[in-house]
Each structure stands twice: as C-alpha cells, then as structure tokens.
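Subject: Structure for your files

Hello,

Here is the structure we talked about handing over. Notes on what was found in it follow below.

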Amino acid sequence: KAGLKYFGAATDTPGQRERAGLQAAYTQYDAILHDPKQFGQTTPTNGMKWLFTEPAPGVFNFTEGEVVADLARDTGKLLRCHALVWHNQLAPWVESTTWTPDTLRAAIVRHVSAVAGHWKGRCYAWDVVNEALDEDGTYRKSLFYTVLGEEYIKLAFQAAAEADPGAKLYYNDYGIERPASVKTAGARRIVKMLKDAGVRIDGVGMQAHLHADNHPSMQDHVDTMSAYAALGVSEVAFTELDVRITEPVNETKLAWQADSYRNVAVACTKVKQCVGITVWDFYDPFSWIPVTFPGEGAGLLWFEDFKPHPAVKAMVDAF
Ligand code: XIL
C-alpha cells in the first residue's frame, strides 16, 4: 500500500549473540528470519558500526557486517546499512585521539569512504549520521560536534554520496516520531541545513523505540512524516521499531503494544514517502531492550517460546 516497499527485521551476527551468552533456539529463529514471506528487509544491529569496521586507524574489517549483508543477498532481502557516523560504539582509538578539525575531517572522510565504498551497490539505504541530537533538540555535544560543529554532518553525507551514489542517504534518530517534539524540530532543522547547503539527503529514519504505555497515535506518525516529506526528502522510514513494556507483561499492556505497532503500520501505508518498517530484531530474547532498560522488555514480536505477540496480527491486518 502507498509507497511501502518492505517490512523487515534487523538482526545481529551469530558471533555477537553468542558473546552475549545467547545460544539456544537458533534453528527456529533462523527459519523465521530467512523466510521471505516474513521479512523482506534486514539491517545489521551491530556489524557495520565503527567499532567493528575500523578497529584501528585506517585498518578496516568488514567480517561482522558481511554476515548480515550476505544473509540479505542469500534470502532476497533489501539491506539497510547502519551506521556511518555515530557517537556510540566508536572504536576506542577514536575517543582517545586528540583531534584537530583537520585530522577529524580526514578521519571521517576516510571512514565513510571506506565503509560505504566497501558495500557499494548492496545497501538500499545508509544511516549516514545517527543520533546527532540531544533530548532538548539542540545538537548533541559529541566529539564530532565539539570539534567540527554541524560541518561533520555535511561532510559525512557528502562522503557517503560519493562512495555509494546509489544508496539512499538517511539521517536517523530516536524520539523524532512525534510532530510537536523539540527533537523532531531538530531533525527537520538538520534536513533543512543539508538541503540549503546543497548536500544530498534522501530520507529521515525514525528509530521508533517506543513504549507501550505512552505511544504516538496514528495521526502523530502521519503528521511527523508529512512534515519531513514537506522539506523535500523523498523517503521516510521506521528503522528500529520496538515497543517496550514495563514488567510484568500482561494482556492489557500487550494490547497497548499491539495498538502502537498498528499505528506505525497504518500510518506508513498512508504517507506515500514511507518506504518501510524495520523492527529492531523480532525475537524477545535477542532484543537490546532488557539490557538497556532494566525492568522493561517484551518489545518485539515473538516471545521466548516463539509464540507471536498480539501485535503480529495487528500489523498483518494493517498491511
Ligand atoms: C543497539 C544494539 O541493538 C545493541 O546490540 C548494542 O549493544 C547497542 O546498540 N539506536 C541505534 C542502534 O541506532 O544502533 C542501537 O542498537 C539501539 C539504539
């Protein structure tokens, strides 16, 4: 419906899952992940991040990212690539270096060119800059911003456009799903800043790490996406969707969660620039939520015993 091209699920590499102490149930997991009728798109949750791709200055390693890129190819899925410039999961050397504007510019260009260049032609889209905004909608005071100001954003998009001209280039963030939030205004400012500078940006990625208790309405999503589209980006997408629940999980909260997933799905079918929805993995035991938000969980679509959440039916009905 509308512009919708895919419904997908992000996944980690098996090596990462094992290092996190998770080993069971891969067969059933893989059967769902690989099924093209379940998911038409995937994103590596970790493997393409700076930490893995450039562990030492100018030394590149594509092994982890390649696992998910190959999986996308072998199972006929679109690949969203994530993320070129982000303040988290940086290689330690990036954080310990004393940068000047010149050396940091060169490091950003080298990183983006090498990583986007490596997967050239294989990424439907790249999250070029991730989470450049603070909670109050101003720029996050990352090392990139501290040394270069907003110039680092332009630089990253320019280098990505040069390295992989066919990939859609996205600004990606969380908390930018509601039309009136200061952070959403911040994301609109970034789009406008790039457009005014003549730098290509094709899309805004709304991570959509939502909470079942207090989730955006369908109209919120439509209004937010319409406002991004009005700035001239040809695409918007839900890039990391999950809807966490405060433990204990019960029927009421699962119904709120289903409503939240439904709102995203219905809204995406109503806005022609909305190209797709990616859930940030699909199997609760592999979710980042319980690790990052203690006391919260069950944010994805399949419970530990592989029974589907009520949200699955809600989404299927919406498409
Ligand atoms: C998360 C991964 O899922 C975790 O495995 C990792 O430990 C931390 O990062 N925003 C993003 C994603 O853009 O890259 C993050 O992924 C979740 C928040």
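What share of the contacts in the chain with a separation of 6 or more comes from residues 24 or more positions apart? The answer is 80%. Please keep in mind that this is a predicted model.

Overall fold

The chain contains 13 helices and ten strands. Its radius of gyration is 19 Å, and the globule rule gives 20 Å for 319 residues, so the chain is as compact as a globular protein of that length. Along the principal axes, the C-alpha atoms occupy a box of roughly 55 × 40 × 35 Å. Buried residues make up 45% of the 319.

Ligand site

Seven positions need listing here: the ligand has Thr45, Asn46, Ala83, Asn130, Gln207, Glu240 and Trp288 around it. Sorted by class, this shell consists of four polar, two nonpolar and one charged residues.

Helix α4

Helix α4 covers residues 63-74. Its twelve residues should span 16 Å at 1.5 Å a residue, and the end C-alpha atoms are indeed 16 Å apart, so the two values agree. The buried residues in α4 are Glu64, Gly65, Val68, Ala69 and Ala72. Viewed down the helix axis, the buried residues of α4 fall within an arc of 135 degrees, which means that they line one face of the helix. They pack against β2 (41-42), α3 (50-53) and β3 (78-85). On the face turned away from the buried side, α4 carries the exposed residues Thr63, Asp70, Arg73 and Asp74. Just after the helix comes Gly76, with a positive phi of about 65 degrees.

Helix α9

Helix α9 spans residues 182-196, which is 15 residues. From first to last C-alpha, α9 reaches 21 Å, close to the 21 Å expected at 1.5 Å a residue. Thr184, Gly186, Ala187, Arg188, Ile190, Val191 and Leu194 are buried in α9. Arg188, a charged residue by class, is listed among these buried positions. The packing partners of the buried residues of α9 are α8 (151-163), β5 (168-173), β6 (203-206) and α10 (218-230). Gly198 follows α9 and has a positive phi, near 75 degrees.

To put the two helices side by side: α4 is followed by Gly76 with its positive phi, and α9 is followed by Gly198, whose phi is also positive.

Regards

Technical notes: Residues numbered from 1 in each chain as written. Predicted model: local features only at pLDDT ≥ 70, side-chain atom pairs only at ≥ 80, totals over all residues. Near = placed C-beta within 6 Å. Helix = DSSP H or I, 4+ residues; strand = E, 2+ residues; numbered from the N terminus. Rg over C-alpha atoms; globule rule 2.2 N^0.38 Å. Buried ≥ 20, exposed ≤ 12 C-beta atoms within 10 Å, placed from the backbone. Contact = placed C-beta atoms within 7 Å. Expected span 1.5 Å × (residues − 1). Arc of directions from axis to C-beta.
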